[in-house]
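Student: I am new to this structure and would like a close look at a single part of it. Please walk me through the pairing of oppositely charged side chains, taking a few pairs in turn and saying where each partner sits.

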Amino acid sequence: MIQAHVYRDARGFPVPAAEVEERDGGYVHGGEPVKRELGKMGKSLKNAVTPDEIAAEYGADTLRLYEMAMGPLDVSRPWDTRAVVGQYRLLQRLWRNVVDETTGEVTVVDAEPDEATLRALHKAVDGVGQDMEAMRFNTAIAKITELNNHLTKTGGPVARSVAERLVLLIAPLAPHVGEELWRRLGHSGSVVHQDFPVADPAYLVDETVTCVVQVKGKVRARLEVSPSIDDAELEALAVDDPAVVAALGGAGVRKVIVRAPKLVNIVPA
């Protein structure tokens, strides 16, 4: 169930939520203070937001994304019109990664993506695929956002192979933008007839992971290690780390607890 804030006057009657103003840390309607609570969205509580309002301002795809990104489908979620803009910006950034806003020309390049981008892409494909099968649309959108942000931060043109798979990921969730971008990328057939991307397992395994090293329960070092490192090797690296040696201050080591590859806890003598 989608919930929304309900505003009640001194008599306890709901007043139109759209007419309430926030003032000095409180809420006012018609010059009179009102109380705010969370309730079911609907006409009777005068807090309904029509889909047409959101679609007219932000587009239908933004509305779809926001409703799915709010949280799990089986949990009641509070509506916040101000938060809709977050999904609107996602679609804007995605568009800019494929199309130049000034000229309208497609900016993707026929070049091989770098290693970091390939890893980000295939992890997103794998994660989104699993989330879609389980109807975890909110986490699927989060993974698409992470991939899109990675492409934005690279600062350069996006490789066509990456852009096309990004569009295929977003299309079931934002079909209008997905269809338009697919056509702009030069395809004549509809995006809905395309196969969902498949992840390459070779890019799903991290080359390194961050191991946290604690001394007496306090984090003293972070090591970049192989995911397959064994306990003995990880213990040796942790004990010899300069930051750990300084934290021990000459004291011996009484016990080392290793949880390869992500944690080492050292107990001084």
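**Salt bridges along the chain**

Tutor: Glu-37 has a relative accessible area of 36% and is therefore partly exposed, in a model that is predicted. Its partner, Arg-8, is also partly exposed, with a relative accessible area of 23%, a value that falls between the limits of 20% for buried and 50% for exposed. The side chains of these two residues form a salt bridge, with N and O 2.9 Å apart. This pair connects distant parts of the chain, since Arg-8 belongs to strand β1 (residues 2-8) and Glu-37 to strand β5 (residues 32-40), 29 residues away.

A second salt bridge brings together the side chains of Arg-160 and Asp-110, at 3.1 Å from N to O. Because Arg-160 is in helix α6 while Asp-110 is in the loop between α3 and α4 (115-133), this pair ties together parts that lie 50 residues apart in sequence. Arg-160 is partly exposed at a relative accessible area of 25%, whereas Asp-110, at 71% relative accessibility, counts as exposed.

A third pair lies within one helix: Glu-179 and Arg-183 are both in α7, four residues apart, or about one turn of the helix. Their closest N and O atoms are 3.4 Å apart in the salt bridge, and Arg-183 is partly exposed, with a relative accessibility of 43%. Elsewhere, salt bridges with shared partners join Asp-110, Arg-160 and Glu-164 into one network. Across the whole structure, a search finds twelve salt bridges.

Terms used
Residues are numbered from 1 along each chain as its sequence is written. This is a predicted model: local features need pLDDT of at least 70, side-chain atom pairs count only at pLDDT 80 or more; totals for chains, interfaces and linings use all residues. Side-chain values use heavy atoms; hydrogens and water are left out. A salt bridge is a side-chain nitrogen of Lys or Arg within 4 Å of a carboxyl oxygen of Asp or Glu. Helices (H or I, at least four residues) and strands (E, at least two) are DSSP runs, numbered from the N terminus. Buried means under 20% relative accessible area, exposed over 50%, partly exposed in between (1.4 Å probe, protein chains only).
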